[in-house]
Amino acid sequence: MQTGVLRVLRATAASWRRHRELRRTGQTLLAQRLERQTVLSDLGYLRQAATLPNAHVICGEGGTFIHFGWTTVSTLAPIERFPLAALAVARGTPFIDIRPVTDVIAFANLPRVTRDGSADPEPWGLGSSVSLITYIDIVEQLGASITNDPRSCRST
């Protein structure tokens, strides 16, 4: 694991209000243990983001989400203030920035990304699932920007 990644995860864990409060009240060992658990958990999320085929990061006005399929890690902050998501994107996880999307109704009616690999056939409706590639095709037409686009890996 790169030392820069560990440094960011450790600094993020140490900055948590609860951990700072534990240190302030003299409970340094407990704070260190909780920070270690947080870093290990975050490393697990980074591994999942790198290995799961439909893992992606999405950022909109409602915050930033890392989707792993059945699991989601989120915050109300933009990606610039969510180090775990920024690290996942820096390590190659697809990033969908929906902040430029203006048609909120069309976006709200989009199918979701499949969790288990089984995509629904068209026409899609509420509760439908599509592959990450299909989802990116659709959301890009609405104005979203894509980083680490998995479609560029396809052979034509």
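This section describes the fold, the nonpolar cores and selected residues of a predicted model.

The protein chain holds six helices and seven strands. Read along the sequence, these elements follow the pattern α-α-α-β-β-β-α-β-α-β-β-α-β. The C-alpha atoms fill a box of roughly 60 × 30 × 25 Å along the principal axes. Of the 156 residues, 38% count as buried. Among contacts with a sequence separation of 6 or more, 47% join residues 24 or more positions apart.

The exposed surface of the protein chain amounts to about 9300 Å². Carbon and sulfur atoms supply 54% of that area. The chain carries 17 positive and 13 negative charges. The mean positions of the two sets lie 16 Å apart.

In soluble globular proteins, nonpolar side chains tend to be buried together. In this model, the largest nonpolar core has 22 residues. The residues with the most contacts inside this core are Leu9, Leu46, Val57, Ile66, Ile79 and Leu84. Helix H1 (3–15), helix H3 (28–51), strand E1 (56–60) and helix H4 each supply at least two of its residues. The largest share, five residues, comes from H4. A second, separate core has 14 residues, including Ile58, Tyr135, Ile138 and Ile146.

Helix H4 spans residues 83–90. Its buried residues are Leu84, Ala85, Leu87, Ala88 and Val89. An α-helix has 3.6 residues a turn, so residues three or four places apart point the same way. Just after H4, Gly92 takes a positive phi of about 110°.

Ile79 belongs to the residues with the most contacts inside the largest core. Beyond its neighbours within four places in sequence, Ile79 is in contact with Val57, Cys59, Thr64, Ala85, Ala86, Val89, Phe95 and Arg99. Of these partners, Ala85 and Val89 are among the buried residues of H4.

Ala144 lies in the loop between helix H6 (132–141) and strand E7 (145–147). Ala144 counts as buried because its relative accessibility is 7%, and the cut-off for burial is under 20%. Neighbours within four places in sequence aside, Ala144 is in contact with Ile96, Asp97, Ile98, Val101 and Val139. Ala144 and Ala11 are 133 residues apart in sequence. In space, the C-alpha atoms of Ala144 and Ala11 are 31 Å apart.

Key
Residues are numbered from 1 along each chain as its sequence is written. This is a predicted model: local features need pLDDT of at least 70, side-chain atom pairs count only at pLDDT 80 or more; totals for chains, interfaces and linings use all residues. Side-chain values use heavy atoms; hydrogens and water are left out. Helices (H or I, at least four residues) and strands (E, at least two) are DSSP runs, numbered from the N terminus. Buried means under 20% relative accessible area, exposed over 50%, partly exposed in between (1.4 Å probe, protein chains only). Contact means heavy atoms within 4.5 Å. Accessible areas come from the Shrake-Rupley method with a 1.4 Å probe; for residues, only the protein chains shown count as cover. Lys and Arg count as positive and Asp and Glu as negative; His and the chain ends are not counted. The place of a charge is taken as NZ of Lys, CZ of Arg, CG of Asp or CD of Glu. A nonpolar core is a set of buried Ala, Val, Leu, Ile, Met, Phe, Trp, Tyr and Cys residues joined through side-chain atoms within 4.5 Å.
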